[in-house]
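Student: I am new to this structure. Please show me how to read its features, one by one.

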Amino acid sequence: MVTQKKFFKCNSCGLEQNLDQSVHIKLKYCVSCYNKEQIHRESMRKINMYIALLKEKNKYSKIRRQKIQDIIRINELILPLTIFQLEDGEVLDYLHESRRNAFKSGLKQITEKYNLSLNPDIITHELINKLEPIWKFRRVPTSQKLDERLSPLDPFIDKPIKEKQLFFKDIKKAITMPYFTKVKGKYLIKQMAPFKFKDSYILKTIKTYRKAIEKAATQPEQFRRFLKALGMNCQFQTIDDRLKLGIQEYARDVSEDQIKILTNRMISEIDQAENSFLIPNIAKHIMDNHERLFEKWFCYILPFDKSRFMSVQAKTGSRTDFVVRLQYHFRKYELKMIYDALWESSEYLVRAKTEQKLAKIKKDSSLAPEQKKLKIAKALERLEKNLAADKLQQTREQNAKGSPMVARFLLLNSEKAFNMVLDKIIRYHYKRLNLTTPVSYITNVLESGAEEKKGELKAFYMIQSREW
């Protein structure tokens, strides 16, 4: 008995393919497009980090913005390869080959209509360059200019073309280069003209920006930006969970899409593992996948180095509660960055503490208006003294000495920040079961420790994360 093959049409590239080429039996999405999507996401992550760095330095000019958009488009043209994998000449080779394929495909579409004698081997890079002037006309040119521009195609034409203006429109419409891009949250194959970028421009732009983009995406650079953001937003204060909230704000700012993907994937995997009218075994899923999940959170969404991060000894306490040991080895350069961040954020800290004190005074209903004015005046006077050069210098030195302790707090509060993902999962199931009780995850420290050696720090926390 012959088994009948099943086919599907990919929602991204539009090609009809065998069902075994689908990423999932229920998804109309082919493996090739899925792989391109993952590579595109990683490339855009690097480029967005570079854009953030330019904005931080106030250097994201209109010219740079356009050149970066061009780099994105060039990268999309050569997927699943990227400009970060290839040498300059190799990028051009792939673009030339893509352009050649576009000409072969486009001319093939109009072969029958215009009696073209098409031999794909004759379509060379030299011939394509001779036809480039066709794409410089926005409107249909005169008959004389058309004859000049179309003359390289004479060897392919068996009979003279009478309607050359129509042929001009058809050839421009048929010959386009495909690129894989994201449009309104969906990945699609779009088309563009084959001569949008000149070879010299491509080489110059890639040489100018590629190394800078790759450097911006390195772990040390991302760790520096992470610390700078925390220094400005929460000054590394742990009171009232300010450090945890600052880390969550940073994560949403740089990787909101990745947080959504991680959350939705966890919900989907938990649902597939267990379909019941109870809260599913969230803890078991985390125990079975803790290395992958925490590596994604700490080393992809947050800027910790995955070669020095570990999650071990995971176990469950209930269907929702789990225990895990998290450890990280801080290098000298990371501790130096923390020292510098504490030094630089000292002024922000002095101002923030004063603002917090002023807010408490204003909310204190037991104080009479005159008492409030007096306390506010004293707080502002104290702020002025604390911002004096010599006093601020002492504060900076004192704060910076706490870098090893702050390093440990970064590790712990980064785990606490992960509760934003767990909260969405547990609340999703509460809503599904029509439970109205407020719920969230909290973190308890069961054991902690640190070892300083040769200017480096090895820190660990054994934590319990539980439903509250």
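Tutor: Start with contact, which means heavy atoms within 4.5 Å. Helices (H or I, at least four residues) and strands (E, at least two) are DSSP runs, numbered from the N terminus. Buried means under 20% relative accessible area, exposed means over 50%, and partly exposed is in between (1.4 Å probe, protein chains only). This is a predicted model, where local features need pLDDT of at least 70, side-chain atom pairs count only at pLDDT 80 or more, and totals for chains, interfaces and linings use all residues. Residues are numbered from 1 along each chain as its sequence is written, and side-chain values use heavy atoms, with hydrogens and water left out.

Student: Against which elements do the buried residues of α17 pack?

Tutor: They pack against α10 (242–273), α11 (282–301), β8, α16 (403–417), β9 (441–453) and β10 (456–467). The buried residues themselves are N419, M420, V421, L422, D423, I425, I426, H429 and Y430.

Student: Why does the span of helix α17 agree with what is expected?

Tutor: The expected span of a helix is 1.5 Å times one less than its number of residues. Helix α17 (residues 419–432) has 14 residues, so it should span 20 Å. Its end C-alpha atoms are 20 Å apart, which agrees. Just after α17, N434 takes a positive phi of about 60°.

Student: How do I read confidence?

Tutor: Use pLDDT, the predictor's confidence in each residue, from 0 to 100. Where pLDDT is low, the predicted coordinates should not be read in detail. Here the chain averages 90, and 97% of the residues score at least 70.

Student: Where in the chain is confidence lowest, and where is it highest?

Tutor: Helix α4 (residues 111–114) is lowest, at a mean of 78. Strand β8 (residues 322–330) is highest, at 97.

Student: Now a single residue. Is H96 buried or exposed?

Tutor: Look at the relative accessibility. H96 has 17%, so it counts as buried. H96 is found in helix α3 (residues 88–109). Leaving out residues up to four places away in sequence, H96 touches H125 and D199.

Student: What does R99 touch?

Tutor: R99 lies in helix α3 too. Residues up to four places away in sequence are again not counted. R99 then touches H125, I128, M177, P194, F195, F197 and D199. R99 is buried, with a relative accessible area of 6%. Sequence and space are separate readings: R99 and R64 are 35 residues apart in sequence and 26 Å apart in space, C-alpha to C-alpha.

Student: How does R292 read?

Tutor: Take its place, then its cover, then its contacts. R292 sits in helix α11. Its relative accessibility is 31%, so R292 counts as partly exposed. Outside its neighbours within four places in sequence, R292 is in contact with R265, E269 and H285. The C-alpha atoms of R292 and S311 are separated by 9.2 Å, with the two positions 19 residues apart along the chain.

Student: What about L53?

Tutor: L53 is found in helix α1 (residues 31–56). At 10% relative accessibility, L53 counts as buried. L53 touches A216, E221, R224 and R225, with residues up to four places away in sequence not counted. L53 and K9 are 44 residues apart in sequence and 40 Å apart in space, C-alpha to C-alpha.

Student: What should I look for in the backbone of loops?

Tutor: Check omega and phi. A cis peptide bond joins L79 and P80, with omega about 15°. P80 is in the loop between α2 (62–78) and α3.

Student: Which phi does F236 have?

Tutor: F236 has a positive phi of about 65°, although it is not a glycine. F236 lies in the loop between α9 (219–233) and α10. At 6% relative accessibility, F236 counts as buried. D241 lies in the loop between α9 and α10 as well. D241 has a positive phi of about 60° and is not a glycine. With a relative accessible area of 30%, D241 is partly exposed.

Student: Where does V23 lie?

Tutor: V23 lies in strand β3 (residues 22–24). At 32% relative accessibility, V23 counts as partly exposed.
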